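Work through the following exercises with the sequence and the model side by side. Try each task before you read its solution.

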Amino acid sequence: MQQRQLLTDLSFDELGAWLTGLGQPAFRAKQLFSWLYGSLVADWGAMTNLPADLRERLSQTALLTSLALLERVTSADGLTTKDLLELRDGETIESVLMRYEGRQSVCLSSQVGCAVGCPFCATGQSGLVRNLTSGEIVDQVLHFARQLHGEGAAITNVVFMGMGEPLANYDPVWKAIRTLNDPRSLRLGARRFTVSTVGIVPGIRRMMQEGLEVGLAVSLHAPTDDLRSQLVPVNKTYPLAELISVCREYAEQTHRRVTFEYALIQGVNDSPQLARQLGQLLHGMLCHVNLIPVNPTSANSYRPASRDTVLLFRQELNQHGIANTVRLGRGLDIQAGCGQLRSRHLSR
Ligand code: SAH
Ligand code: SF4
């Protein structure tokens with residue numbers, strides 16, 4: 001049997017062409033987009049302006065979502081929700097909804113697993129299983145958008161900080177961004193998106209040619225090549241000098257500050273001397289450093305830096321004029337670290 005067409009895999013124009021192939025008039029694309037992204041409906045029966053026989057036909061040839069909720073965990077404060085979602089082939093991914101005052105961010109996965117293999121990351125331990133399609137990425141946003149819709153709220157921000165390396169699955173990630181950015185869809189402004197990358201330099205260069213001012217976050221974790229190559233293996237391919245140089249260009253071109261993620265690991269990358277080197281490395285750049293005490297996973301023995309060490313580290317950065325924030329593992333109680341819910345699921 002032919003696989004059903006996942007509608008969210010299609011851009012507006014592609015949906016029009018697909019419907020034309022079914023002998024339908026072009027305006028049906030507008031109607032379907034409006035049901036999917038405007039009214040956020042998830043069943044054919046609700047699409048009342050489509051003829052019943054068309055709805056019947058669509059329900060046999062097309063799919064409205066690729067995701068099924070397997071497990072949900074909510075943080076003690078109720079503000080962070082993390083869902084384990086099952087894809088059509090039985091693989092699983094995690095997506096997270098974070099609520100702040102007036103702001104609802106979704107944290108998306110871009111791949112099942114990840115090939116990069118950072119030793120502190122739960123996702124990295126299982127290797128890459130497969131890339132997600134653009135529809136599977138869009139569906140994560142719709143999954144939470146539907147829930148918020150019922151509460152009178154909407155998604156305001158989208159960050160690619162879940163499982164996988166977004167720039168290793170470049171085309172589907174960007175197609176998803178363009179679909180969500182489309183004024184006929186969710187109309188999410190380019191500046192509402194942040195792509196977090198381990199530092200794939202050619203991917204960052206491609207981002208600069210997209211003409212959308214999407215936010216860039218780079219997982220730095222160390223200011224020297226020796227140490228970074230241990231923590232982030234792709235550093236051997238794209239060493240710091242190249243990475244920092246393309247980040248400077250990105251900030252200049254988009255007028256957006258680049259975010260650097262730095263997971264503080266006790267006794268590994270948390271010394272004041274490394275903080276000084278980090279300050280020198282980023283000197284003069286429009287940027288912000290997020291310091292995250294590492295979230296321990298079952299697969300490694302890394303421990304988070306102590307409170308005092310974090311303070312000393314910040315002091316050094318402040319002296320170099322580098323803006324920084326400590327991110328205290330939001331939703332640590334729900335295993336909010338990348339890939340932890342999935343690994344628990346797999347080991348069962
Ligand atoms: N692959 C991309 C995006 C997904 S990971 C990247 O690496 O940037 C999202 C962020 O979580 C990255 O900054 C990553 O370094 C960080 N991360 C992964 N495991 C972590 C852990 N155990 N503790 C703290 N941060 C972690
Ligand atoms: Fe992949 Fe990012 Fe995890 Fe590294 S931190 S293994 S790049 S998901």
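**Exercise 1. Describe how strands β3 and β4 pair, and look at the turn between them.**

Solution. Begin with the limits of the elements: strand β3 covers residues 68–74 and strand β4 covers residues 80–86, where helices (H or I, at least four residues) and strands (E, at least two) are DSSP runs numbered from the N terminus. Next, consider the pairing, which is antiparallel and runs over six bridges; two strands pair if DSSP finds at least two bridges between them. As an example of residues that face one another, A68 stands opposite E86 in β4. Finally, turn to the hairpin, where five residues lie between the strands and G78 takes a positive phi near 75°.

Before going on, note that this is a predicted model, in which local features need pLDDT of at least 70 and side-chain atom pairs count only at pLDDT 80 or more, while totals for chains, interfaces and linings use all residues. Residues are numbered from 1 along each chain as its sequence is written, chains are lettered from A and ligands numbered from 1 in the order in which they are written, and side-chain values use heavy atoms, with hydrogens and water left out.

**Exercise 2. Characterise the surroundings of ligand 1 and its polar contacts.**

Solution. First find the shell: 17 residues surround ligand 1, and the closest are G164, S196, S219, H221 and N295, a residue being near a molecule if one of its heavy atoms lies within 4 Å of it. Then sort this shell, which divides into seven nonpolar, eight polar and two charged residues; here Ala, Val, Leu, Ile, Met, Phe, Trp, Tyr, Cys and Pro count as nonpolar, Asp, Glu, Lys and Arg as charged, and the others, Gly among them, as polar.

Now look for polar contacts (pairs of N or O atoms within 3.5 Å). A polar backbone atom of F120 is 3.0 Å from a nitrogen atom of ligand 1. An oxygen atom of the ligand is 2.7 Å from an N or O atom in the side chain of S196, and a polar side-chain atom of S219 lies 2.5 Å from an oxygen atom of ligand 1. As a last step, consider the area: taken alone, ligand 1 exposes 530 Å², and the protein buries 91% of that (Shrake-Rupley method, 1.4 Å probe).

**Exercise 3. Describe the shell of ligand 2 in the same terms.**

Solution. Nine residues surround ligand 2, and the closest are C114, V116, C118, C121 and G124. Sorting the shell gives six nonpolar residues, three polar and no charged.

**Exercise 4. Decide whether L40 and R187 are buried or exposed, and examine their phi angles.**

Solution. Start with location: L40 is found in the loop between α2 (27–38) and α3 (52–61), whereas R187 is in the loop between α5 (170–181) and β10 (193–197). Phi of L40 is near 60°, a positive value in a residue other than glycine, and R187 has a positive phi of about 60° although it is not a glycine. Then apply the cut-offs for relative accessible area (buried under 20%, exposed over 50%, partly exposed in between, with a 1.4 Å probe and protein chains only). L40 counts as buried because its relative accessibility is 11%, while R187 counts as exposed because its value is 60%.

**Exercise 5. Place W44 and list what it touches.**

Solution. W44 is in the loop between α2 and α3, and it counts as buried because its relative accessibility is 13%. Leaving out residues up to four places away in sequence, W44 touches L7, L32, R55, L58, S59, A62, L63 and L64, where contact means heavy atoms within 4.5 Å.

Terms used: Polar contact = N/O pair within 3.5 Å; in protein donor to acceptor, adjacent residues only side chain to side chain.
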